[in-house]
Amino acid sequence: MAAPSAPPSVVGPLPAFDLETPRRRRRPSGWHLFLLPLALVMLTPLVWMVITAVSTTQESRQFPPKLPTSIQWSNFSNVWTGSPFGHWLLNTAIVSVIVVISNLVLCSTAGYAFARLRFRGSGLAFILLLATLMVPFQVVLIPTLLIVKSFGLIDRLGALIVPNLVTAFGVFLMRQFFLALPPDLEEAGRIDGASRLGVFRKILLPLMGPPLATLAILTFLSIWNDFLWPLVAIQSPQNMTMQLGLSTFQGAHLTDWPLLMAATLMSQLPVIVLFLAGQRMFVRSIASSGIK
Amino acid sequence: MATIVLDGLRKEYPGKPPVVALEHLDLTIDDGELVAFVGPSGCGKSTVLRCVAGLEKLTAGRVIIGDREVQELPPGKRDIAMVFQSYALYPHLTVYKNLAFPLKERHVPRARLDAEVRRVAEMLELTPLLRRRPGQLSGGQRQRVAMGRALVREPLAFLLDEPLSNLDAKLRTQMRTEIAAVHRRLGITSIYVTHDQVEAMTLGQRIVVMRDGRLQQVGRPADVYANPANLFVAGFLGTPSMNLLNGRVDRGVLTTGTLRLLVPGAPDADVVVGIRPESLTPVGSDDIGPCLEVVVSHVEALGNENLVHGSVEGTGPDKPMVLRALPTVNPGEGERLRARVEPAQVLVFDAATEERVTTSGPVLAADNRRAAG
């Protein structure tokens with residue numbers, strides 16, 4: 001006969017809470033044979049860029065590329081002294097930070113409004129907003145330029161900031177987050193005496209970490225790497241952003257590849273550092289947004 | 001504490017045509033009373049609660065809590081507290097901060113806030129859990145935190161929206177007892193919404209049965225159970241449900257299957273006869289009382305009793321029959337079982353209006369043997 005089991009406790013045993021699930025170590029498998037060459041293909045341009053960045057001009061013209069005989073650190077200092085690289089870095093940082101912050105604030109509030117507030121024409125407004133996602137940027141390039149020009153922002157950092165203060169994608173992303181959130185939390189907050197803004201600030205904002213991180217990362221990447229719009233909106237070298245500045249290293253007839261690659265490497269350093277710092281968040285953001 | 005008056009509540013949702021969720025609801029809930037709203041999904045019981053809480057705007061009607069009309073006030077100004085089905089605990093805050101949140105929003109001084117939180121935590125045995133987050137609590141503990149957050153500021157009224165539906169059966173029974181104890185201790189006027197009739201019957205001092213946005217019956221649980229106003233209430237309350245058989249009243253005599261009863265004063269009409277499973281007793285073939293002959297389909301053995309399922313010939317198609325019997329009564333499939341009916345416990349409903357048929361005197365047994373013959 002089976003021994004009588006212990007009487008069940010009233011609330012039951014507390015579940016174990018593994019906040020950090022230990023990563024499983026995978027054994028090498030057939031997949032790795034397929035993935036390894038792919039990884040090599042992906043890494044080749046990066047490695048080539050690094051090798052070229054520390055080579056002489058002559059060494060950079062060899063094919064296939066070879067390791068340099070001596071590392072040319074001077075390429076980096078030449079980039080810094082021979083071009084307004086510091087300005088470009090600062091400009092890109094200013095534009096990126098302002099655009100990221102404004103997107104976090106405006107997209108989350110607009111997304112909340114579309115998800116929760118009932119107002120006349122909200123459905124139509126949201127459809128129109130979504131429709132802008134379907135239009136390629138090249139189509140609206142000229143109208144945007146005319147608008148920015150009418151604001152007197154051409155060749156100023158404002159031209160890079162104002163059109164990007166809020167994005168349809170960001171609003172959509174945040175709206176979907178709020179829709180997935182149970183309304184009970186907000187209703188409980190309102191019954192507990194919080195205003196709508198209070199509910200947003202004290203209850204929803206702390207829960208918005210993952211979508212806000214996604215939005216911040218995607219916005220930062222798109223602004224940091226943007227080339228086309230700065231090319232149209234900015235003319236003077238002092239006001240250029242990093243990607244636009246890089247293009248000045250490329251001549252019509254002759255390109256100093258080691259200098260260009262050194263500048264490219266320098267321009268990507270902040271992104272690489274950011275990626276290494278928040279690698280998991282980066283991958284999750286890009287995977288969850290379905291965007292590459 | 002306060003009286004709650006619901007005066008002509010009407011709630012429509014826009015649409016073509018508009019969806020009427022509540023239709024002219026009048027009810028007064030006395031000071032300190034616990035009223036349970038019960039009904040099937042979509043009957044409007046949660047809408048009532050949300051209208052009282054201010055989470056839904058009324059189309060028409062008034063809500064009076066204490067001496068204030070509150071239908072135009074936002075939820076936070078109504079001095080009510082609510083426990084949600086999902087508990088709606090703030091996941092990023094500890095239990096302490098969850099309990100403190102309503103007080104903080106009302107700018108209660110820190111020392112009083114701390115004292116109040118600890119008092120409620122003590123009362124609900126949450127003290128050891130104060131530093132945990134909701135994700136680290138079991139279902140029952142979360143439920144208690146939700147109760148605590150509602151009780152911490154001593155509201156005028158306490159609204160509970162299916163608070164136990166996410167718990168397992170054992171825990172639900174225990175929490176039901178706790179809610180009843182808390183209500184007895186604090187005496188806060190409470191509205192309790194549930195689709196579980198057992199919860200409604202055991203917790204509510206009065207129960208309100210709703211259907212399609214309309215109030216069907218209000219009364220003490222035992223009264224509503226014993227004297228349902230219509231077929232819906234009769235069928236909704238009770239597990240297993242009341243047996244409903246087609247019948248006919250002719251010149252004061254009710255006939256259904258082999259059963260004949262005297263229903264003094266009842267008009268001639270097609271009727272539905274309601275008999276609770278516990279009002280039927282299996283008897284031998286020599287019993288001369290008013291009986292129904294049940295053709296057994298299957299038996300559910302519950303340990304302390306058997307539920308005998310079957311049907312009665314001549315009472316209408318698809319009219320299943322169930323009766324409670326001792327565990328020793330275990331008839332086989334297809335067997336005929338005589339079940340004696342307690343005439344006084346037979347309810348008669350008009351088949352057309354589904355309303356209860358009033359009789360001028362108690363239902364009595366007619367000559368059963370003659371009817372059978």
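What follows is a chat about a predicted model, mostly about its chain B.

User: New to this one. What kind of model is it, and how many helices and strands are in chain B?

Analyst: The model is predicted. Chain B has 9 helices and 21 strands. Its C-alpha atoms fill a box of roughly 80 × 45 × 40 Å along the principal axes.

User: How many residues does chain B have, and what share counts as buried?

Analyst: Chain B has 373 residues, and 44% of them count as buried. Among its contacts with a separation of 6 or more, 65% are between residues 24 or more positions apart.

User: Which domains are assigned in chain B?

Analyst: Domain 1 covers 4-226 and domain 2 covers 240-372. Their centres, taken over C-alpha atoms, are separated by 40 Å.

User: What sits between them? I mean around 239 and 240.

Analyst: A cis peptide bond joins B:Thr239 and B:Pro240, with omega about -5 degrees. B:Pro240 is in the loop between helix H8 (231-236) and strand S11 (243-250) of chain B.

User: Where else is there a cis peptide bond?

Analyst: Between B:Lys16 and B:Pro17, where omega is about -5 degrees. B:Pro17 is in the loop between strand S1 (4-13) and S2 of chain B. For background, most peptide bonds are trans.

User: OK, sheets. What is the strand order in the sheet with S1?

Analyst: That open sheet has 4 strands, in the order S2-S1-S4-S5 of chain B, with antiparallel pairing. Strand S2 (19-29) and strand S5 (68-69) are at the edges; each has a single partner strand, so one side of each has no neighbour in the sheet.

User: How many bridges hold S4 and S5 together?

Analyst: Strand S4 (residues 60-65) and S5 of chain B pair over 2 bridges, in the antiparallel sense. B:Ile64 stands opposite B:Glu69 in S5(B).

User: And the sheet with 6 strands? What order do they take?

Analyst: The order is S20-S14-S11-S12-S13-S21 in chain B, an open sheet with antiparallel pairing. Strand S20 (347-350) and strand S21 (364-365) of chain B are its edges, each pairing on one side only. At the S21 end, strand S13 (residues 259-262) pairs with S21(B) over 2 bridges. B:Leu262 faces B:Leu364 there.

User: Parallel or antiparallel: how do S6 and S7 of chain B pair?

Analyst: Parallel, over 4 bridges. B:Ile80 stands opposite B:Ala157 in S7(B). Along S6(B), B:Ile80 and B:Met82 point one way, B:Ala81 and B:Val83 point the other way, and all are buried.

User: What's odd around S6?

Analyst: Look at phi on either side of S6. B:Asp79, in the loop between S5 and S6 of chain B, has a positive phi near 55 degrees. B:Ala88, in the loop between S6 and H2 of chain B, has a positive phi of about 50 degrees. Most residues other than glycine have a negative phi.

User: Buried or exposed, those two?

Analyst: B:Asp79 has 17 C-beta neighbours inside 10 Å, so it counts as partly exposed. B:Ala88 has 26 other C-beta atoms within 10 Å, so it is buried.

User: Next topic. Which residues touch the most other members of the largest nonpolar core?

Analyst: B:Val52, B:Leu159 and B:Val348, out of 114 residues in that core. The core draws at least three residues from each of domain 1 and domain 2 of chain B. Apart from it lies another core of 25 residues, including A:Met240 and A:Met242.

User: What does B:Val52 contact, leaving aside close sequence neighbours?

Analyst: Beyond four places in sequence, B:Val52 is in contact with B:Ile4, B:Val63, B:Ile80, B:Leu159 and B:Ile191.

User: How covered is H4(B)?

Analyst: Mostly covered, with 12 of its 13 residues buried. Those buried residues pack against S6, H2, helix H3 (110-123), strand S7 (157-161) and helix H5 (169-186) of chain B.

User: Does its length add up? What span should H4(B) have?

Analyst: At 1.5 Å a residue, its 13 residues should span 18 Å, and the end C-alpha atoms are 18 Å apart, so the two agree.

User: Last one: how many residues of chain B are in contact with chain A?

Analyst: 23 residues of chain B are in contact with 18 residues of chain A. Strand S6 (80-83), helix H2 (95-105) and helix H4 (139-151) of chain B each supply at least two residues of that side. The chain B side divides into 13 nonpolar, 8 polar and 2 charged residues.

Key
Residues numbered from 1 in each chain as written. Chains lettered and ligands numbered in written order. Predicted model: local features only at pLDDT ≥ 70, side-chain atom pairs only at ≥ 80, totals over all residues. Pairing = 2+ DSSP bridges. Core = buried A, V, L, I, M, F, W, Y, C linked by C-beta atoms within 7 Å. Buried ≥ 20, exposed ≤ 12 C-beta atoms within 10 Å, placed from the backbone. Domains from an automatic or database assignment. Contact = placed C-beta atoms within 7 Å. Nonpolar A, V, L, I, M, F, W, Y, C, P; charged D, E, K, R; others polar. Expected span 1.5 Å × (residues − 1).
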